[in-house]
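Reader: Hey, could you zoom in on one part of this model for me and walk me through how that part connects to the rest?

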Amino acid sequence: METGSPHDAGTADVPGTPTPATADLPATDADAEPGAGTKPDAGTEPVWHALPPGLLTMRRLLLVVWLGLLTLATALVPGLLAGPAWGAFAVLPLALLLWGWVMLERNWRSWRYAERADDLLISRGVLWHEETVVPYGRMQLVEVASGPVERHFGLASVQLHTAAAATDATIPGLDPDEAERLRDRLTELGEARSAGL
């Protein structure tokens with residue numbers, strides 16, 4: 001004697017029809033259409049990577065230090081030499097500091113990079129948007145650089161040197177591990193593409 005609802009009858013023999021036991025399970029690669037779940041084509045949108053927030057923190061700290069000192073000097077020197085009214089000029093560097101605080105974040109958000117099959121894309125700029133395409137086969141040198149301030153914040157930059165100086169590029173403020181991974185991968189791809197020419 002069979003049990004179950006009348007809606008279950010006949011569905012077990014139909015290919016592609018989920019049985020009640022597997023109806024709630026996610027589809028596997030074997031169930032997918034041919035070509036689904038494979039690597040994206042070269043024509044698909046690239047996967048963009050943003051810069052870490054440590055770069056924004058470092059730049060804002062440098063802005064506060066330099067413009068804070070300038071604000072203090074602009075308030076004290078004219079105020080002591082020419083009178084307190086002249087100390088109002090300190091408003092100018094203070095306004096510049098506030099404007100720079102906002103613009104640094106906009107600039108940081110505009111930086112991104114994407115690794116594609118044949119080249120590296122670097123996009124940046126708020127008012128003047130610039131996108132650089134660096135073909136792997138034209139790369140001659142990829143180096144990781146980190147100054148004392150960058151090292152303090154745990155950051156490093158990747159500098160790309162190519163056969164044409166116009167396509168040289170830099171990706172600033174990366175995590176050191178990501179910078180080294182990117183350097184190694186770009187060097188490997190550059191050697192492979194150069195050997196294939």
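Author: Here is a closer look at one helix, followed by the sheet that shares a core with it. Bear in mind that this is a predicted model.

Let's start with helix 1, which covers residues 53-82. On the outside, there's a nonpolar surface patch of about 570 Å², built from Leu61, Leu62, Val65, Trp66, Leu69 and Val149. Helix 1 is the biggest giver here, putting 5 residues into that patch; Leu69 is one of the patch members, and it sits in helix 1.

Now go inside. The largest nonpolar core has 28 residues, and the ones touching the most other members are Leu120 and Leu160. Quite a few elements chip in two or more residues: helix 1, helix 2 (91-110), strand 3 (119-124), strands 5, 6 and 7, and helix 4 (176-196). Helix 1 comes out on top again, giving the core 5 residues. So much for the helix; on to the sheet.

Strands 5, 6 and 7 make an open sheet, in the order 5-6-7, with antiparallel pairing. Strand 5 (139-145) and strand 7 (169-174) are the edges, each pairing on one side only. Going from one strand to the next, the twist averages 15°. If you want to check the pairing by eye, look at strand 6 (residues 156-162): 4 bridges tie it to strand 7, and the two run antiparallel. A handy spot to look is Gln159, which stands opposite Thr170 in strand 7.

To tie it up, helix 1 leads in both places, with 5 residues in the nonpolar patch and 5 in the core, and strands 5, 6 and 7 also give two or more residues to that core.

How values were computed. Residues are numbered from 1 along each chain as its sequence is written. This is a predicted model: local features need pLDDT of at least 70, side-chain atom pairs count only at pLDDT 80 or more; totals for chains, interfaces and linings use all residues. Side-chain values use heavy atoms; hydrogens and water are left out. Two strands pair if DSSP finds at least two bridges between them. Axes are lines fitted to C-alpha atoms, for helices over the stretch in contact, and angles run from 0 to 180 degrees between N-to-C directions. Patches are made of residues with over 30% relative accessible area and no salt bridge: like charges are joined within 9 Å, nonpolar side chains (Val, Leu, Ile, Met, Phe, Trp, Tyr) within 5 Å. Accessible areas come from the Shrake-Rupley method with a 1.4 Å probe; for residues, only the protein chains shown count as cover. A salt bridge is a side-chain nitrogen of Lys or Arg within 4 Å of a carboxyl oxygen of Asp or Glu. A nonpolar core is a set of buried Ala, Val, Leu, Ile, Met, Phe, Trp, Tyr and Cys residues joined through side-chain atoms within 4.5 Å. Buried means under 20% relative accessible area, exposed over 50%, partly exposed in between (1.4 Å probe, protein chains only).
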